[in-house]
Number of protein chains: 2
Amino acid sequence: MEKIVLQGLLYDFYGELLTEHQRQVYEDVVLGDLSISEIAQERGISRQGVHDLVKRCNRILEEYEEKLHLVAKFVSIRDKVGRIHDLVESRDTEAQGQILSQVAELSSQILEEL
Amino acid sequence: MEKIVLQGLLYDFYGELLTEHQRQVYEDVVLGDLSISEIAQERGISRQGVHDLVKRCNRILEEYEEKLHLVAKFVSIRDKVGRIHDLVESRDTEAQGQILSQVAELSSQILEEL
């Protein structure tokens with residue numbers, strides 16, 4: 001997975017565990033609506049301070065994932081459900097029995113992970 | 001959901017965010033291999049201390065869920081995947097087309113949640 005997508009997922013999962021201040025600055029930087037200089041000025045911190053805060057937030061989010069592994073779990077489930085979805089959407093009427101067997105296998109795997 | 005099942009899920013998801021000491025006492029109490037008196041003696045704390053620690057752990061775990069809602073998300077997904085599994089396992093060959101439509105709908109719903 002691309003690092004930037006992973007970082008987004010980590011924020012989506014654990015962002016609420018950051019402080020309100022961290023979240024605000026982090027979102028300003030990552031969403032890119034303001035320049036680093038503008039953010040620094042608005043928050044009354046240095047440009048280096050903004051940079052350090054983002055780095056620290058990323059580290060905190062990574063540490064939560066190292067402990068809980070919930071993003072990895074979700075990604076694995078999402079992939080399998082995606083495969084189920086593709087299988088049943090293929091509408092290959094000849095192979096319905098086979099599709100159902102594959103869906104049964106995938107859904108069993110997901111239930112074991114949950 | 002029964003409170004005791006929910007508490008187990010909360011511990012399963014967020015338990016790693018408790019301290020090592022909290023986890024040890026919590027597991028001793030919840031798994032019930034030792035009496036409260038034995039746990040208190042072994043850990044060098046009072047029986048009331050054991051009780052307070054469990055209560056505090058439950059509160060901490062609930063607070064993580066209040067912020068992150070990841071247990072609720074998982075339970076919802078698990079229910080839907082369980083329904084997919086039951087549908088495809090029913091092996092009702094007459095209704096295969098209908099089963100596939102329902103699986104498509106359920107898998108879409110899950111992907112929207114993920």
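# Reading a predicted two-chain model

Mentor: The domain assignment divides chain A into domain 1, residues 3–68, and domain 2, residues 73–113. This is a predicted model.

Trainee: How many ångströms separate the centres of domain 1 and domain 2 of chain A?

Mentor: Taken over C-alpha atoms, the two centres in chain A are 36 Å apart.

Trainee: Let us turn to the pair of chains. By what turn and shift can chain B be laid on chain A?

Mentor: One superposes the copies and reads the turn, the shift along the axis and the RMSD together. Here the turn is 180°, the shift along the axis is 0.0 Å and the RMSD is 0.0 Å. That is the relation of a two-fold axis. In chain B, the C-alpha nearest the axis belongs to B:Q96, at 3.4 Å from it.

Trainee: How many residues of each chain are in contact, and what area is buried between chain B and chain A?

Mentor: A count of residues and an area describe an interface in two ways. In this model, 31 residues of chain B are in contact with 31 residues of chain A. The area buried between the chains is about 3000 Å², and carbon and sulfur atoms give 77% of that area. Among the contributors from chain B, the residues B:F74, B:L100 and B:L114 supply 21% of the area that this chain buries against chain A, more than any other three residues.

Trainee: Why can one say that the copies meet through the same surface?

Mentor: One compares the interface residues of the two copies. Of the interface residues of chain B, 100% are also interface residues in chain A, so the copies meet through the same surface.

Trainee: Which residues of chain B does A:K67 contact?

Mentor: For a single residue, one sets aside the sequence neighbours and reads what remains. With neighbours within four places left out, A:K67 is in contact with B:E16 and B:L17. A:K67 lies in helix 4 of chain A and is partly exposed, with a relative accessible area of 45%.

Trainee: I should now like to read the aromatic residues. How many aromatic pairs are found over all chains?

Mentor: The search of the whole structure finds nine aromatic pairs. For each pair, one reads the distance between ring centres and the angle between ring planes. The rings of A:F13 and A:F74 have centres 4.8 Å apart and planes at 80°; as planes over 60 degrees apart count as edge-to-face, the pair is edge-to-face. A:F13 belongs to helix 1 (residues 3–14) and A:F74 to helix 5 (residues 70–89) of chain A, so the pair ties together parts that are 61 residues apart in sequence.

Trainee: Are A:F13 and A:F74 buried or exposed?

Mentor: A:F13 counts as buried, at 5% relative accessibility. A:F74 is buried as well, with a relative accessible area of 4%.

Trainee: Which residues form the aromatic cluster?

Mentor: One cluster is formed by A:F13, A:Y14, A:Y64 and A:F74 together with B:F13, B:Y14, B:Y64 and B:F74.

Trainee: Which charged ends sit over the rings of A:F13 and B:F13?

Mentor: Here one looks for a charged end above the face of a ring. The charged end of A:K73 sits over the ring of B:F13, 5.1 Å from the ring centre. The charged end of B:K73 sits over the ring of A:F13, 5.0 Å from the ring centre.

Trainee: Where is A:V50 found, and which residues does A:V50 touch?

Mentor: A:V50 is found in helix 4 (residues 47–68) of chain A, and at 1% relative accessibility this residue counts as buried. Not counting residues up to four places away in sequence, A:V50 touches A:V25, A:V29, A:I36, A:I39, A:A40 and A:I45. Of these partners, A:I36 is 14 residues away along the chain, with 7.1 Å between the C-alpha atoms.

Trainee: What should one note about phi in A:H69 and B:H69?

Mentor: Most residues other than glycine have a negative phi. A:H69 has a positive phi, near 55°, and B:H69 has a positive phi of about 55° although it is not a glycine. A:H69 lies in the loop between helix 4 and helix 5 of chain A and is partly exposed, with a relative accessible area of 46%. B:H69 lies in the loop between helix 4 (47–68) and helix 5 (70–89) of chain B and counts as partly exposed at 47% relative accessibility.

Conventions:
Residues are numbered from 1 along each chain as its sequence is written. Chains are lettered from A and ligands numbered from 1 in the order in which they are written. This is a predicted model: local features need pLDDT of at least 70, side-chain atom pairs count only at pLDDT 80 or more; totals for chains, interfaces and linings use all residues. Side-chain values use heavy atoms; hydrogens and water are left out. Copies are superposed by least squares on the C-alpha atoms of residues with pLDDT of at least 70 in both. Contact means heavy atoms within 4.5 Å. Rings of Phe, Tyr and Trp (its six-membered ring) pair if their centres lie within 6.5 Å; planes under 30 degrees apart count as stacked, over 60 as edge-to-face and the rest as tilted. Helices (H or I, at least four residues) and strands (E, at least two) are DSSP runs, numbered from the N terminus. Buried means under 20% relative accessible area, exposed over 50%, partly exposed in between (1.4 Å probe, protein chains only). A charge sits over a ring if NZ of Lys or CZ of Arg is within 6 Å of the ring centre and within 35 degrees of the ring normal. Domain bounds come from an automatic or database domain assignment. Buried area is the accessible area (1.4 Å probe) that two parts lose on being put together, summed over both.
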